[in-house]
Each structure stands twice: as C-alpha cells, then as structure tokens.
Amino acid sequence: MSKKKTNKPAANAQQQATQNVQKEQKKKLSKKEKKAIAEQRSKELNQKKTRNYGIGFVFSLIAVAVSFLYKPEVGTALWSYTQMGCYALMGVAGFFLKNGAKYEENVKRAKTMDMIGLVFIVVCFGMIMAEAVALFMG
C-alpha cells in the first residue's frame, strides 16, 4: 500500500498567510484609524437602519392608502379581505421596524423601535384573526 503524499508546502504557505493577517490585525491602530473605522461602521449602520425604517414606512402608507381606497366597500366580503391584506402589510412594516432597530446605536431608541415593531406585528395578527372570524363565522 502506498501512501498519498499531501502538498505540505501549499499548506505551510496558507498558514503563513493567515498568521501574517493575524499579525496585521493585532497591530495597534492609531486614533485616526480607530476613528475612521468607527465612523465607517456608524455610516453603514445608519444606512441599514434608514433603509429598514423607510421600507416599513412605505408599507404602512400603502396599507393606509388601500384601506381608504376600499372605504365604500364597508360591510362586504371584499372589504374584509382588503382589511386583512392591509393588516398583513402593517405586520410587514412592523417586521422592518424591528429589523431596523438592530442597527440603532442609541440603546433606548433601539428598544423603543423594537417595541413599536412588535406592537405592529401583534396588532396585525390580532386584527387578521378578528376579521377572519367575522368573515367566516358571521
């Protein structure tokens, strides 16, 4: 039985490359570099947060607009279905608010936005169940 030879020089080269990267990371950063890294991170978090809040706001506006568009249909099955759709859109908006809260730097504001998103989602499920019960039981 012959043993297969492994390519040890390539493995050593890879280990050396990872060690070099680790050494560079351990090198102390200057105040300017730390500030630049913190500023870049803050900018990225702000972009993600703004995008999530914006999408949530758009979904909630669409839900309200559709609800007002179908106002003349009050009492019909079409009204119930559109209301359930609007509540589902509000739940999606709540999901985006909760997701945007992950990127908040201010802890107090993050908790507030997370709670608002959770309220949107809970109200969404409750109202969809209420509309479904009214539609199918009544």
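Helices here are DSSP runs of at least four residues, numbered from the N terminus. The model shown in these views is predicted.

**Overview: a protein of 4 helices and 0 strands.** Starting at the N terminus, the elements follow one another as α-α-α-α. Of the 138 residues in the protein, 22% are buried. If you look at contacts between residues at least 6 apart in sequence, 69% of them join residues at least 24 apart. The protein exposes about 10900 Å², and 63% of that area comes from carbon and sulfur atoms.

**Helix 4 from end to end, residues 107-137.** How does the span of helix 4 fit its 31 residues? At 1.5 Å a residue, helix 4 should span 45 Å, and its end C-alpha atoms are 44 Å apart, which agrees. Several residues can be picked out along this helix, including Met 115, Gly 126 and Leu 135.

**The buried residues of helix 4 and what covers them.** Ala 110, Met 113, Gly 117, Ile 121, Cys 124 and Glu 131 are the buried residues to look for in helix 4. It helps to remember that an α-helix has 3.6 residues a turn, so residues three or four places apart point the same way. The cover over the buried residues of helix 4 includes helix 2 (31-69) and helix 3 (77-101).

**A nonpolar patch at the surface, about 490 Å².** Met 115, Leu 118, Val 119, Val 122, Val 123 and Met 127 make this patch. Take Met 115 as one of its members: this residue sits in helix 4. Is Met 115 buried or partly exposed? Its relative accessible area is 49%, and because partly exposed covers the range between 20% and 50%, Met 115 counts as partly exposed.

**Glu 104 and its two salt-bridge partners, Lys 49 and Arg 109.** A handy reminder for this view: side chains of opposite charge can pair when their charged atoms come close. The side chain of Glu 104 forms a salt bridge with that of Lys 49, at 4.0 Å from N to O. This pair links distant parts of the chain, since Glu 104 is in the loop between helix 3 and helix 4 while Lys 49 is in helix 2, 55 residues apart. Glu 104 also meets Arg 109 in a salt bridge, here at 3.0 Å from N to O. Shared partners join Lys 49, Glu 104 and Arg 109 into one network. How buried or exposed are these three residues? Glu 104 is buried, with a relative accessible area of 12%, and Lys 49 is buried too, at 18%. Arg 109 has a relative accessible area of 41% and is partly exposed.

**A salt bridge between Asp 114 and Lys 98.** Their closest N and O atoms are 2.7 Å apart. Which parts of the chain does this pair tie together? Asp 114 lies in helix 4 and Lys 98 in helix 3, so the salt bridge ties together parts that are 16 residues apart in sequence. Both residues are partly exposed: Asp 114 has a relative accessibility of 29%, and Lys 98 has a relative accessible area of 25%. With this pair in view, it is worth noting that the protein's count comes to 3 salt bridges.

**Two buried cysteines, Cys 86 and Cys 124.** Cys 86 counts as buried at 5% relative accessibility. Cys 124, which is among the buried residues of helix 4, has a relative accessible area of 7%. How many disulfides does the model hold? The count comes to 0 disulfides. As a reminder, a disulfide is a covalent bond between the sulfur atoms of two cysteines.

**Gly 126 and Leu 135, with residues from earlier in the chain.** Gly 126 is part of helix 4 and, at 31% relative accessibility, counts as partly exposed. Its C-alpha atom is separated by 9.2 Å from that of Tyr 87, 39 residues away along the chain. Further along helix 4 you will find Leu 135. The C-alpha atoms of Leu 135 and Gly 75 are 9.7 Å apart, though 60 residues separate the pair along the chain. Which residues does Leu 135 contact, leaving aside its neighbours within four places in sequence? They are Ala 77, Ser 80, Tyr 81 and Met 84.

Definitions and conventions. Residues are numbered from 1 along each chain as its sequence is written. This is a predicted model: local features need pLDDT of at least 70, side-chain atom pairs count only at pLDDT 80 or more; totals for chains, interfaces and linings use all residues. Side-chain values use heavy atoms; hydrogens and water are left out. Helices (H or I, at least four residues) and strands (E, at least two) are DSSP runs, numbered from the N terminus. Buried means under 20% relative accessible area, exposed over 50%, partly exposed in between (1.4 Å probe, protein chains only). Contact means heavy atoms within 4.5 Å. Accessible areas come from the Shrake-Rupley method with a 1.4 Å probe; for residues, only the protein chains shown count as cover. A disulfide is a pair of cysteine sulfur atoms within 2.5 Å. Patches are made of residues with over 30% relative accessible area and no salt bridge: like charges are joined within 9 Å, nonpolar side chains (Val, Leu, Ile, Met, Phe, Trp, Tyr) within 5 Å. The expected span of a helix is 1.5 Å times one less than its number of residues.
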